[in-house]
Amino acid sequence: MRLISCRTTAGEALGIVAGDRWLSAAEILEGGPRTMADLLAGGADLFADLAAGTLSANILGRGRRLAEVELLPPVPKPGKVVAIGRNYREHAVEEGVEPPPAPLIFAKFPSAVVGHGAEIRWDPGLTGQVDYEAELAVVIQRRARNVSVEDALDYVLGYTCLNDVSARDIQFGDGQWVRGKSLDTFCPMGPELVTADEIGDPQDLAISCWVGGERLQDSRTSAMYFGVAEIISYCSTSFTLEPGDVIATGTPGGVGVFRDPPRFLADGDRVTVEIERIGRLENVCRFVSVEAVA
């Protein structure tokens, strides 16, 4: 299945996509989940019922136009956004660092999450070195603690595109990465979540990033040092992964900060993260003057 979270006149809704059409999960399955949070809380049985209902739903014939709905992040309110640093060979090479001996874990605050089509916004007085990072994101379906590499993929609901937007001057100036990677709007995700059964092997997907029509990152997930299963298993030995948690699995080479000359994002830039068999996540950059929130 291809799942979306979207905003309707009745509020947030969970939708199922076929081609350029969508239907809400509540329309497909009587008493079905209204939101992604409902689906995650319902567990494997509810997921199986929804999948079965989708087979006979005739979404292409009955559905509404996908282009006419406001998309939210597939998981609008993840409990955790776990991120993995320096996980592609060419990215470690361009940074001039040795490969990590184990997955290098940091976090992005969930308040940074926005959806497809939302603006990436920042105050140029706060940061002048905003960078793009195309990443495969993993969404956890059920509670995972101390799971083996062999069983790890059984805990995955699906995959989506993620842009690990980074304020490099803050990131490197702080000496740790969380603040520079957690500014509001600095974690676009979407547009859809493609369920694990449709992807199969997550280590054989093309991944790229485009800025203003120029392709700046171009790789495959096979170039990861640590694959999705290894990352899930490694994380679960230290902390519990909960339904709806998101893992950003690292970015390939070609980021702006290590180019000569550096290539940072600017006001009006359109950034596209594209992952084979998942889709294209597009966001436009905007300079803003941040005001106090009462």
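Over the ring of which residue does the charged end of arginine 142 sit? In this predicted model, the charged end of arginine 142 is placed over the ring of tyrosine 155, at 3.9 Å from the ring centre. A second contact of this kind involves arginine 64, whose charged end sits over the ring of tryptophan 22, 4.5 Å from its centre.

Attention now turns to contacts between rings. A pair of aromatic rings is described by the distance of the centres and the angle of the planes. Searching the whole structure yields three aromatic pairs. One of them joins phenylalanine 106 and tryptophan 177 in an edge-to-face arrangement, with 5.1 Å from centre to centre and 75° between the planes. Because phenylalanine 106 belongs to strand β7 (residues 104-108) and tryptophan 177 to the loop between α5 (168-174) and β14 (187-195), this pair ties together parts that are 71 residues apart in sequence. Phenylalanine 106 and tryptophan 177 are both buried.

Tryptophan 122 and phenylalanine 287 form a pair as well: the ring centres are 5.4 Å apart and the planes meet at 70°, an angle over 60 degrees, so the pair counts as edge-to-face. Here, too, distant parts of the chain are linked, since tryptophan 122 is in strand β9 (residues 120-122) and phenylalanine 287 is in strand β19 (residues 279-287), 165 residues apart. How buried or exposed are these two residues? Tryptophan 122 has a relative accessible area of 3%, and because this is under 20%, the residue is buried. Phenylalanine 287, with a relative accessibility of 40%, falls between the cut-offs of 20% and 50% and therefore counts as partly exposed. Ring pairs also bring in Phe186, giving a cluster of Trp122, Phe186 and Phe287.

The strands offer a further view of the structure, with β12 (residues 156-163) as a convenient starting point. Eight of the eight residues of strand β12 are buried, so the strand is largely enclosed by the rest of the structure. Strand β11 (residues 134-140) runs antiparallel to β12, and seven bridges join the two. Within this pairing, isoleucine 140 has valine 156 of β12 as its bridge partner. Strand β12 is also joined to β14, again in an antiparallel manner, by four bridges. There, leucine 162 finds its bridge partner in methionine 189 of β14. As a general point for reading such pairings, the side chains of a regular strand alternate between the two faces of the sheet.

Key:
Residues are numbered from 1 along each chain as its sequence is written. This is a predicted model: local features need pLDDT of at least 70, side-chain atom pairs count only at pLDDT 80 or more; totals for chains, interfaces and linings use all residues. Side-chain values use heavy atoms; hydrogens and water are left out. Rings of Phe, Tyr and Trp (its six-membered ring) pair if their centres lie within 6.5 Å; planes under 30 degrees apart count as stacked, over 60 as edge-to-face and the rest as tilted. Buried means under 20% relative accessible area, exposed over 50%, partly exposed in between (1.4 Å probe, protein chains only). A charge sits over a ring if NZ of Lys or CZ of Arg is within 6 Å of the ring centre and within 35 degrees of the ring normal. Two strands pair if DSSP finds at least two bridges between them.
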